[in-house]
Each structure stands twice: as structure tokens, then as C-alpha cells.
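Open the model in your viewer and keep the sequence panel visible. The stops below say what to select and what is found there.

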Amino acid sequence: MEKTFLMVKPDGVQRNLIGEIVSRFEKKGFRLVGAKLMSISQELAEQHYGEHKERPFFGELVDFITSGPVFAMVWEGENVIATSRQMMGATNPKDAAAATIRGDFAVNVGKNVIHGSDSPESAEREIGLFFKQEELVEYPKLISQWVY
Ligand code: RTP
Ligand code: MG
């Protein structure tokens with residue numbers, strides 16, 4: 001089953017949006033296979049956002065993501081990578097459609113509430129950065145039959 005890495009950023013945690021965000025993915029029909037409230041070290045932040053190293057906002061990005069606790073999650077389901085990006089909305093909340101997470105809860109491109117992997121390669125890389133294999137669960141087949 002396809003898996004993705006999603007994370008409520010420090011602004012979302014401080015604004016008490018963890019429950020709302022988890023609820024949206026649960027109601028959609030995806031399954032939570034790992035989750036933890038954690039602080040991100042400077043090293044982990046630089047690895048996670050490595051693709052943006054040369055961008056002018058890299059320093060701000062690292063400072064922001066290390067500024068407070070985040071809620072890191074792994075979700076699984078059919079097309080979960082692309083569908084969760086749709087549910088998150090455009091990177092810049094001013095372009096994000098209503099009924100998306102960023103469209104409903106964010107106004108600023110830096111403080112845009114949620115991160116989600118953008119491809120199978122980044123999902124695998126990011127899950128590996130944030131979670132050990134033994135921190136992820138598997139569901140019995142019976143439960144799966146309701147949705148998949
Ligand atoms: P994310 O990685 O956080 O899920 O967001 P994304 O794929 O939609 O956007 P990406 O291009 O990967 O950018 C990562 C984060 O960098 C911040 N950003 N700031 N100041 C700017 O112009 C700017 N552009 C991007 C955003 O917080 C974005 O989520
Ligand atoms: Mg990205």
C-alpha cells in the first residue's frame with residue numbers, strides 16, 4: 001500500500017490544528033500507520049529540506065521548522081501521496097482553494113500549517129528520516145476491507 005509522510009508544522013501545532021488535520025485524513029479513508037509529537041533538530045531540518053538548500057528562504061525555513069514541536073505522521077492508502085497534496089492545497093495559501101487545509105487555515109507561505117511528500121521518492125526518503133521501521137504499524141486485513 002502506498003505511504004506518505006505528512007507533518008503538522010509548528011504553527012499548526014500551536015494553533016491546535018492537529019486534531020482537525022488528523023480528522024480530515026481519517027475521514028477521507030486513509031490509515032494512520034505512525035505518528036509522533038517531536039522537536040526537529042537543526043541537522044534533521046537541513047536534511048529534510050535539502051532540496052531547498054540554495055533557495056533564499058532556506059534559513060528561514062529551517063528556523064521555522066525547528067521553532068517548536070511538530071506532529072510527524074505516516075499515512076497509507078490508494079494514491080495517498082497525490083491525494084494528500086490535493087487535500088493540503090497550494091504551497092502559498094493565497095492560491096490554495098477553499099476546503100483544502102491551507103485554503104481553510106493559512107494565510108502565509110512560510111506558515112502554511114502542513115508538509116506532505118510530493119513524490120514516491122520523497123515519501124520514502126522522508127519516512128526514513130523521521131521514522132524507524134518498528135515505529136510503523138500494520139493493520140489486519142479485516143479492517144482494510146471497509147475501504148480497500
Ligand atoms: P512542503 O514541502 O512544506 O510540503 O510544501 P510544498 O511542497 O508545497 O512547497 P516546497 O516548494 O517544497 O517548499 C517548502 C516550504 O518552503 C516554504 N516556502 N517559502 N518564501 C517563499 O517563497 C517560500 N516558498 C516556499 C513553504 O513553507 C513551503 O511549504
Ligand atoms: Mg515540498
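**A tour of the model**

Begin with a surface view: the protein exposes about 8200 Å², and carbon and sulfur atoms supply 51% of that area. Keep in mind throughout that this is a predicted model.

Now colour the charged side chains. There are 17 positive and 21 negative ones, and the centres of the two sets lie 4 Å apart.

Switch to the C-alpha trace. Along the principal axes, the C-alpha atoms fill a box of roughly 50 × 35 × 25 Å. The radius of gyration is 15 Å, which agrees with the value near 15 Å for a compact globule of 148 residues. Of these 148 residues, 46% count as buried.

Next, show the cartoon. The protein has eight helices and four strands. Followed from the N terminus, the elements come in the order β-α-α-β-α-α-β-α-α-β-α-α. Among contacts with a separation of 6 or more, 80% are between residues 24 or more positions apart.

**Stop 1: strand 1 and its partners**

Select residues 3-8, which make up strand 1. How many of its six residues are buried? Five of the six are, so that the strand is mostly covered.

Add residues 70-76, which form strand 3; this strand pairs with strand 1 in the antiparallel sense over six bridges. Then add residues 114-116, strand 4, which also runs antiparallel to strand 1 and is joined to it by three bridges.

Pick V8 to see both pairings from one residue. V8 stands opposite F71 in strand 3, and V8 also stands opposite I114 in strand 4.

**Stop 2: W75**

Stay with strand 3 and select W75, which lies in it. Is W75 buried or exposed? W75 is buried, because its relative accessible area is 0%, where buried means under 20%.

Which residues are in contact with W75, leaving aside its neighbours within four places in sequence? Show E2, K3, T4, L6, V22, F25, E26, F30, R31, L32, V33 and V80: these are its contacts. For a distance to check, take W75 and F5: they are 70 residues apart along the chain, but their C-alpha atoms are separated by 6.6 Å.

**Stop 3: helix 5**

One of the contacts of W75 is V80, and V80 is also among the buried residues of helix 5. Select residues 80-88 to see this helix; V80, I81, T83, S84, M87 and M88 are its buried residues.

What covers them? The cover includes strand 1, strand 3 and strand 4, together with helix 2 (18-28), helix 6 (101-105) and helix 7 (120-130). Show these elements around helix 5 to view that cover.

Move on to G89, just after helix 5, where phi is positive at about 90°.

**Stop 4: Y49**

Finally, go to the loop between helix 3 (42-48) and helix 4 (58-65), where Y49 is found. Y49 counts as buried because its relative accessibility is 6%.

Beyond its neighbours within four places in sequence, Y49 is in contact with K9, F58, L61, I65 and H115. Of these contacts, I65 is a pair to check by distance: Y49 and I65 are 16 residues apart along the chain, and their C-alpha atoms are separated by 9.7 Å.

Key: Residues are numbered from 1 along each chain as its sequence is written. Chains are lettered from A and ligands numbered from 1 in the order in which they are written. Side-chain values use heavy atoms; hydrogens and water are left out. Helices (H or I, at least four residues) and strands (E, at least two) are DSSP runs, numbered from the N terminus. The radius of gyration is taken over C-alpha atoms; the globule rule is 2.2 Å times the number of residues to the power 0.38. Buried means under 20% relative accessible area, exposed over 50%, partly exposed in between (1.4 Å probe, protein chains only). Contact means heavy atoms within 4.5 Å. Accessible areas come from the Shrake-Rupley method with a 1.4 Å probe; for residues, only the protein chains shown count as cover. Lys and Arg count as positive and Asp and Glu as negative; His and the chain ends are not counted. The place of a charge is taken as NZ of Lys, CZ of Arg, CG of Asp or CD of Glu. Two strands pair if DSSP finds at least two bridges between them.
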